[in-house]
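I opened this notebook to record what I looked up in one structure. The entries begin with a single strand and then turn to the whole chain.

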Amino acid sequence: MLKFSKIGPKNYAGDLLVYLVRQPGKGSPRSACGTVDEIIRRVHALGDFSGKEGEHLLFYPEKGRHGLPDVERIMVVGLGQEELSRELFRKAGGSIASLAMKSKAQELLLVLPDLVCDMAEMVEGLSEGLVLGAYRFRRYKSKKDPEGSGEMLQQAALYAADSRGVGKALLLGEIAAQAACLARDMANEPASHWTPAHFSEYARHLAAIHGMRCTILDQARMQKLGMGGIIGVNQGSAQPPEMIILEYAVKPSAPTLLLVGKGLTFDSGGISLKPSAGMEEMKYDMCGGAAVLCAMQAVAQAKLKRLNLVAIVPATENLPGPAALKPGDVIIQYGGKTVEVVNTDAEGRLILADALAYGIKKYKPDMVIDVATLTGAVIIGLGHHRTGLLANDDELCARLLAAGERSGEPLWRLPLDQEYSKQLRSEIADLKNVGKKDGGAITAAAFLKEFVGETPWAHLDIAGTAWDFTEKSYIPKGPSGIAVRTLFNFVRNWKG
Ligand code: BES
Ligand code: MN
Ligand code: ZN
């Protein structure tokens with residue numbers, strides 16, 4: 001969707017020409033075009049446009065007017081006065097995409113401003129923002145344009161007098177953002193159209209096109225391996241469970257990172273049934289699984305060479321069928337630990353425990369990151385802005401916090417003292433699957449901690465950020481695609 005254009009604004013005759021301007025301390029904002037600046041001056045004098053972040057000015061120049069490009073629409077977008085950052089450009093890219101789609105423009109030319117900043121950061125931010133901001137999920141809309149606005153944006157070209165050395169930034173931004181959009185697609189699909197089998201199918205497809213290795217453990221195999229968590233959670237469902245494993249190997253000398261994503265394709269709560277209000281949102285309970293698969297796609301597409309990766313997605317529904325787990329049942333997780341299932345709605349940790357224990361035993365990773373819509377409690381604590389981060393390793397945390405910050409997906413570390421684990425003691429088994437209500441995000445992580453041993457491990461609780469994420473120009477209403485870009489940047493920034 002993105003490219004650099006050799007054609008400058010003077011010779012551009014397309015749908016939409018976009019300029020970016022800073023808000024000056026005083027006076028009227030200036031673009032790269034003198035004639036456009038005359039118009040900005042007039043509008044500025046009226047008090048209608050000052051170049052504030054998010055402000056825009058759209059006009060339709062007369063054809064052949066001296067000094068103006070021969071283009072249908074010209075838009076000037078404000079960048080404000082704040083420090084220039086990748087996030088600022090990402091937001092600008094998001095605004096440009098949605099404004100373009102509100103008009104009927106299907107392609108645009110964006111003239112890069114001449115600013116004192118890291119050009120690669122600017123290009124990558126704009127690239128991500130344009131792709132993320134142009135995202136719409138229209139698969140189930142029978143009419144092309146039901147709201148009377150919004151065509152799909154087909155292509156955006158960037159223009160700079162000198163674009164040497166930033167082609168890679170454009171491409172990497174696009175790869176990461178497209179992978180995040182793909183995770184949004186998976187999440188937007190209704191549960192009946194995104195089942196464990198769909199996860200497997202996509203993983204096989206990824207493996208085929210990127211030369212990765214894909215292994216699917218089916219129900220019989222998981223039963224044999226003793227994965228009582230995922231088998232138990234699946235008992236009430238008519239869809240068989242799947243454990244999807246993707247391996248991306250670069251070189252034996254590089255460290256291995258294991259990614260585990262919760263792929264609960266629908267969480268009704270099971271016998272501990274959830275209230276019906278809002279239950280439809282539980283089709284999003286697979287966002288962790290989508291995030292790790294899509295991060296694998298981005299890493300493979302960008303051909304990153306710093307880490308070997310293994311991604312595991314335990315996938316199942318959690319439904320109250322006649323064979324469903326019952327509160328009080330005892331299951332045996334992979335590796336032999338027994339768990340008293342006090343609440344069947346605390347199912348995510350049961351499937352993750354099998355995946356973590358199995359992945360660590362089989363692949364002996366140097367570090368593990370799991371991503372899961374695990375608890376309502378993390379939303380009480382952190383709201384919809386920061387992802388909860390819980391870990392047994394400070395360095396891994398520092399790297400994740402940095403990657404999240406760079407990606408506009410901030411994390412916040414919560415404590416994980418051994419004290420919290422006391423809540424998980426069971427009278428009859430090694431553990432029970434829920435603690436008290438208080439500190440629920442922490443006790444959930446404390447449960448997972450029992451299955452990772454000494455391996456450096458971090459857990460991302462994305463229940464608050466996987467959808468209804470902070471409102472921004474490049475974040476749509478539904479699923480956000482959270483964690484895809486954070487994981488991608490984590491791998492990209494890796495230094496031993
Ligand atoms: N998938 C839910 C967590 C969730 C809730 C995510 C709301 C997003 C929004 C998880 O499986 C769950 O049901 N957790 C329970 C745990 C409880 C029973 C200890 C919860 O948070 O209520
Ligand atoms: Mn649940
Ligand atoms: Zn769940």
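**Strand E13 and its surroundings**

I began with strand E13, residues 338-341, in this predicted model. Both of its faces are covered: Thr338 and Glu340 on one side are buried, as are Val339 and Val341 on the other. I noted the general rule that side chains in a regular strand alternate between the two faces of the sheet.

Next I asked which strands pair with E13. Strand E12, residues 329-332, pairs with E13 in the antiparallel sense over 4 bridges. Within this pairing I found Asp329 bridged to Val341 of E13. I then looked up the connection: E12 and E13 form a hairpin with 5 residues between them. In the turn, Gly335 has a positive phi of about 100°.

Strand E17, residues 431-432, pairs with E13 in the parallel sense over 2 bridges. Here I recorded Leu431 of E17 as the bridge partner of Val339.

**The whole protein**

I then turned to the overall fold, which comprises 13 helices and 18 strands. I checked the radius of gyration: a compact globule of 496 residues would have a value near 23 Å, and the protein agrees with this at 24 Å. The C-alpha atoms fill a box of roughly 85 × 50 × 40 Å along the principal axes.

Of the 496 residues, 59% count as buried. For contacts with a separation of 6 or more, I noted that 77% come from residues 24 or more positions apart. The exposed area is about 20,700 Å², of which carbon and sulfur atoms supply 51%.

Lastly, I looked up the charges: there are 58 positive and 56 negative side chains. The centres of the two sets lie 4 Å apart.

Technical notes:
Residues are numbered from 1 along each chain as its sequence is written. Chains are lettered from A and ligands numbered from 1 in the order in which they are written. This is a predicted model: local features need pLDDT of at least 70, side-chain atom pairs count only at pLDDT 80 or more; totals for chains, interfaces and linings use all residues. Side-chain values use heavy atoms; hydrogens and water are left out. Buried means under 20% relative accessible area, exposed over 50%, partly exposed in between (1.4 Å probe, protein chains only). Two strands pair if DSSP finds at least two bridges between them. The radius of gyration is taken over C-alpha atoms; the globule rule is 2.2 Å times the number of residues to the power 0.38. Contact means heavy atoms within 4.5 Å. Accessible areas come from the Shrake-Rupley method with a 1.4 Å probe; for residues, only the protein chains shown count as cover. Lys and Arg count as positive and Asp and Glu as negative; His and the chain ends are not counted. The place of a charge is taken as NZ of Lys, CZ of Arg, CG of Asp or CD of Glu.
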